[in-house]
Amino acid sequence: MEAVPVVIVGAGPTGLTAATLLGQYGVECLVLDRWESVFPQPRAVHLDDEVYRVLARMGVAEQFAAISWPCHGLRLLGRDRRVLAEFGRGTATGRHGYPEANMFDQPVLEGILRANLARYTSVALRGNSEVTGVVQDGAGRVRVQVTDRVTGQDESILAEYVLGCDGANSLVRAAVGACLQDLHLEQRWLVVDVDTDADLAQWEGVHQLCDPDRAGTYMRVGATRYRWEFRLRAGESANDFGDPARLRPLISPWTGDLPVDRLRLVRLAEYTFRARLADRWRDRRVFLLGDAAHLTPPFIGQGLGAGVRDAANLAWKLAGVLDSTLPERLLDTYQRERKPHARALIRLARLVGMAMTEGGELGNLLRRLVAPRLYLVPGVARLVLSSETPALHGGELVIRSRLGRSLAGRLCPNVVLDDGRRFDDLAGGRFAVVTTSDASPDQRAEVARRGGVLVSARPGSPLHRWLRRGYATSAIVRPDSTVLRAGRDLSALCAGLPPFTPDHRSVTSRVGQASTAR
Ligand SMILES: Cc1cc2nc3c(=O)[nH]c(=O)nc-3n(C[C@H](O)[C@H](O)[C@H](O)COP(=O)(O)OP(=O)(O)OC[C@H]3O[C@@H](n4cnc5c(N)ncnc54)[C@H](O)[C@@H]3O)c2cc1C
């Protein structure tokens, strides 16, 4: 029977990210997907700069820059299409080194990720492979049952760990007995993708039409690609809008007098947007990631990003455990950190969705009054005013101080260092100690012995300012760029640095090659 340390079920964006990041540590893994090649339907169209940063770590920043389009943010529009509120996003490079909001076409991104995977010799991707069962034996192994969709032959593969990245209808989720909890949003929407070489001359951000009668979304996705989404009324279906005469009134506020023959319909489909969260993300050696663990209505474009974040959170921990440099119990921090984060973004998406669709005439009145002041609502302010997502909490790998505003759980900014490289070029993929102090030879030796890297934050530098704002002089930054702990005692931080020595040299050199997009 074939045996492999890690089997990844599903080669969507989550599975491909997990495979790439594990491959960067030389971890042997096998990715299985039922389809031979990329699933061609357009779905996700937006990702933020935190997720872009993970793409850069995977070595595809330049390719993504070539296929993506910086977006100016989000506008809430009233029924009369007057702007109720605008939440701008910087199109220049932000604190992670990339534009804060980016539009793209999911199958094109998946094509890039698949091609990039070929660089990692420890990773194999097998298409036409339907996973039909995942069973854990008592001896610490997982048996994955697979059917070859071409030959019909059944096979079993033994794995030490299985990552269920198999999407919304996850078989792996069912196999570990996890359930999706309903976060109370379920709406049917019409999704329309159109290509045209005409310039629609609209504001280059996401337009959310807040009209309970017919909520809608418009956005430019690429040089010639446009996306509309409209809530379907009871009794309506996507088929009703296949006729251009019925579709046209919906999109004409944005297309104006443009003749229909200038628009090429790429796809018109019905989707049910849901808000759901799996109750358990781990059962012993099996993990759930991406849509298998959470379903996010796409109103703030965070579903795919959440899966990429899951993979970035788990990959280095798993590489450390497989390498025996990290204790197995640290794998419990995956769910503890990621689940509340995913829940917070699902709730925000639901809030935006309800703001667009609920309340009838009274709702319209409230929207006119409340939307321009949304930034005053505690908690919502940070999320609408910046692309920064909530801090991670809980467990041994995020240790928050009781003093001041802790940096722990937040991402270290990907600033340009004195030598011109970005922070991730130097530190990405391993632990770093960032400090304003002059480290002693002993402290340097301690950090190196534990597989980490010391990063100096000289006075006046962006890292110095960042530490000062967090009332700290030093911080431990994890391989996924999250701050583990910050404080003022460099010796204590060096002594608290987890030993982490999987082969990361290949990571930094690869990151270095491809980190300078834009
Ligand atoms: C209309 C729409 C708009 C969206 N917009 C956005 C957006 O703007 N931004 C955003 O971030 N997200 C958006 N999303 C969500 C995003 O598309 C998903 O969150 C993302 O695709 C999830 O990635 P995944 O890899 O977890 O799962 P999937 O993309 O579903 O991939 C799962 C993979 O597993 C494979 N698989 C499943 N079962 C098996 C099996 N038994 N055996 C073998 N293989 C299997 C499938 O073939 C598939 O390749 C949108 C979604 C929709 C529908």
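**Briefing: ligand shell, strand 11 and salt bridges**

An oxygen atom of the ligand lies 3.5 Å from an N or O atom in the side chain of Trp 35, which fits the cut-off for a polar contact (a pair of N or O atoms within 3.5 Å). The model is predicted, so local features need pLDDT of at least 70 and side-chain atom pairs count only at pLDDT 80 or more, while totals for chains, interfaces and linings use all residues. Residues are numbered from 1 along each chain as its sequence is written, and side-chain values use heavy atoms, with hydrogens and water left out.

**Ligand**

- An oxygen atom of the ligand is also 3.4 Å from an N or O atom in the side chain of Arg 43, and an oxygen atom of the ligand is 3.3 Å from a polar backbone atom of Pro 13.
- The protein covers 91% of the 1,000 Å² of accessible area that the ligand has on its own (Shrake-Rupley method, 1.4 Å probe).
- There are 30 residues around the ligand, and Thr 14, Asp 33, Gln 106, Asp 291 and Leu 304 come nearest (a residue is near if one of its heavy atoms lies within 4 Å).
- Helix 1 (13–24), strand 9 (129–136) and helix 7 (303–322) each supply at least two residues of this shell; helices (H or I, at least four residues) and strands (E, at least two) are DSSP runs, numbered from the N terminus.

**Strand 11**

- Strand 11 (residues 154–164) runs parallel to strand 1 (residues 2–9), joined by seven bridges (strands pair if DSSP finds at least two bridges between them).
- Six bridges join strand 11 to strand 10 (residues 142–148) in the antiparallel sense, with Gln 145 opposite Ser 156.
- Strand 18 (residues 286–288) pairs with strand 11 in the parallel sense over three bridges, and Val 286 is the bridge partner of Val 162.

**Salt bridges**

- The count comes to 42 salt bridges (a side-chain nitrogen of Lys or Arg within 4 Å of a carboxyl oxygen of Asp or Glu).
- Arg 225 forms a salt bridge with Asp 105, the closest N and O atoms being 3.4 Å apart.
- This pair links distant parts of the chain, 120 residues apart.
- Arg 225 is buried at 15% relative accessible area, and Asp 105 is buried at 17% (buried means under 20%, exposed over 50%, partly exposed in between; 1.4 Å probe, protein chains only).
- Asp 105 and Arg 225 are linked with Asp 195 and Arg 264 in a network of salt bridges.
- Arg 282 and Glu 328 meet in a salt bridge at 3.1 Å, N to O; Arg 282 is buried at 16%, whereas Glu 328 is partly exposed at 35%.

Conventions
Polar contact = N/O pair within 3.5 Å; in protein donor to acceptor, adjacent residues only side chain to side chain.
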